[in-house]
Amino acid sequence: MRIVMQPARRSEKVVNKHYEDTITSPVDFEHHAHHLEPAVVDQLKELFPSGKAQMWGVVPGKQNVNVSRIKKMSPGDWVFFSGDKKLYFGGTIALMWRSQPLAEELWGTDAGGSTWEYMYALSGTRGFDIPISEIRELLSWNPQRNVMGISVLNEDESEALQTYLTLDPSPAATLAVDPEQEEKAIAAFDGELERKAHRAQRGEQAALKRRLLPGSTGECALCGRELPGTFLIGAHIKKRAMCTDSEKRDLANIAMLACTFGCDSLYEHGYITVAEGGAIQISPLAQAIPEVGALIQQRLADRTVTWWNPQREPYYQWHRTHTFKQLPPA
């Protein structure tokens, strides 16, 4: 998954109008089908059974400066909208196409007479509130660097940001990825397909679990079930890869016991989080996957996590702002 940075400052009236027209209010693509190739309409219907999709577009730019960047994008990539010194919205590219007439109908033209004809539909969108200064530090950018034009991050930057914010591809977007192309990429890859765990990290996990689970059984911090230790892990409250060295050594507070029957994954992927005080907070986006929504309602609705305390709150707070799946901003 590559990461695309899309500048879109909502403090600008034109950008905000576009956002409201085609992101806040998804586009009824069948209503505009006369501006699209039949194959594109068919793909949109498959990807978005509701008949509506969130859409955005990019102008070619002076001397087609954006076209080479757009060619690096493909379905399955993640797009971040940035502006006003923060990342505030993102989702997965489900489909890409070019349509000057549709772009003009949706957004008109800019001062130079160009329109946002290189279009894409987004799925699995969610809201963020991450200062761009935090992203600069994470990716070792120049402290003054801003996202000035659409750009595709390199592999290392994409992986770092994907890990940092737990970016999962949406179900609709994965339908658009070409399996044959993925197999060719794996066959051509000449690096290690598996990474070896470091001995120190294994030792850390063992020490962590011994501290959290002094006996043969323990309680899952999230669902509250008493289970054999085999089915419990020492789950980091704040993503381990983003912890400082001192945080990793804070064994008393950095982690909680979570069961392998779903609770650990639900927390890790941001479908649940722990609010200040300990109440479990459920992502509104969980309902987009009925099986996930049903599992959460059955096991975790209205629960309070007894593991919460003021010492662990900074770690839970990090999870709420960086991993928890929030609704896109209106």
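Reader: Contact means heavy atoms within 4.5 Å. On that basis, what share of the contacts with a separation of 6 or more comes from residues 24 or more positions apart?

Author: Residues 24 or more positions apart account for 72% of those contacts in the protein. This is a predicted model.

Reader: What helices and strands are there, by count?

Author: The protein has 13 helices and 13 strands.

Reader: And how much of the protein counts as buried?

Author: Of its 330 residues, 46% count as buried. The accessible surface is about 17200 Å², and carbon and sulfur atoms hold 50% of that area.

Reader: Let's take one residue in the strands. Where is F80, and is it buried or exposed?

Author: F80 sits in strand 4. The relative accessible area of F80 is 0%, which means that it is buried, the cut-off being under 20%.

Reader: What does F80 touch, neighbours within four places in sequence aside?

Author: F80 is in contact with I3, V4, M5 and Q6. The list also has L87, F89, G90, F128, L161, L165 and L167.

Reader: How far apart are F80 and M5, in sequence and in space?

Author: They are separated by 75 residues in sequence, while their C-alpha atoms are 5.1 Å apart.

Reader: Salt bridges next. How many does the structure hold?

Author: There are 11 salt bridges.

Reader: What does D84 pair with?

Author: D84 makes a salt bridge with R9, with 3.6 Å between the closest N and O atoms. D84 belongs to the loop between strand 4 (78-83) and strand 5 (86-98), and R9 to the loop between strand 1 (3-7) and helix 1 (13-24), so the bridge ties together parts that are 75 residues apart in sequence.

Reader: How accessible are D84 and R9?

Author: Both fall in the partly exposed range: D84 has a relative accessible area of 37%, and R9 has 43%.

Reader: What is odd about the phi of D84?

Author: Phi of D84 is positive, about 55°, although D84 is not a glycine.

Reader: Which residue other than glycine, in the loop between helix 5 and strand 7, also has a positive phi?

Author: S140, with phi near 60°. S140 lies in the loop between helix 5 (132-138) and strand 7 (151-152). At a relative accessible area of 66%, S140 is exposed.

Reader: Back to salt bridges. What does K45 do?

Author: K45 forms one with E30, the closest N and O atoms being 3.7 Å apart. K45 is in helix 2 (residues 38-47) and E30 is in the loop between strand 2 (27-28) and helix 2, so this pair ties together parts that are 15 residues apart in sequence.

Reader: Are K45 and E30 buried, partly exposed or exposed?

Author: K45 is partly exposed at 38% relative accessible area, and E30 is partly exposed at 46%.

Reader: And what about D245?

Author: The side chain of D245 meets that of R249 in a salt bridge, at 2.8 Å from N to O. D245 is partly exposed, at 48% relative accessibility, whereas R249 is exposed, at 61%.

Reader: Which residues do shared salt bridge partners join into one network?

Author: R9, E12 and D84 are joined into one network that way.

Reader: Which element holds E313, and how buried is that residue?

Author: E313 lies in helix 13 (residues 313-322). With a relative accessible area of 10%, E313 is buried. Apart from neighbours within four places in sequence, E313 is in contact with E276, W308 and R320.

Reader: Pockets now. What is the volume of the second largest pocket?

Author: About 820 Å³ of space lies in the second largest pocket.

Reader: How many residues line the second largest pocket, and which lie nearest its centre?

Author: The lining has 32 residues, and Q6, P7, A8, M148 and G149 lie nearest the centre.

Reader: Which elements give two or more residues to that lining?

Author: Strand 1, helix 1, strand 3 (52-58) and strand 4 do so for the second largest pocket.

Reader: How does that lining divide by residue type?

Author: The lining of the second largest pocket has 13 nonpolar, 11 polar and eight charged residues.

Definitions and conventions: Residues are numbered from 1 along each chain as its sequence is written. This is a predicted model: local features need pLDDT of at least 70, side-chain atom pairs count only at pLDDT 80 or more; totals for chains, interfaces and linings use all residues. Side-chain values use heavy atoms; hydrogens and water are left out. A salt bridge is a side-chain nitrogen of Lys or Arg within 4 Å of a carboxyl oxygen of Asp or Glu. Helices (H or I, at least four residues) and strands (E, at least two) are DSSP runs, numbered from the N terminus. Buried means under 20% relative accessible area, exposed over 50%, partly exposed in between (1.4 Å probe, protein chains only). On a 1 Å grid over the protein atoms alone, a cavity is a set of points where a 1.4 Å probe fits but cannot get out, and a pocket is an open set with protein on both sides within 12 Å along at least five of seven lines; lining residues have an atom within 4 Å of a point. Grid points are joined across faces, edges and corners, and a volume is the space filled by probe spheres set on the points. Ala, Val, Leu, Ile, Met, Phe, Trp, Tyr, Cys and Pro count as nonpolar, Asp, Glu, Lys and Arg as charged, and the others, Gly among them, as polar. Accessible areas come from the Shrake-Rupley method with a 1.4 Å probe; for residues, only the protein chains shown count as cover.
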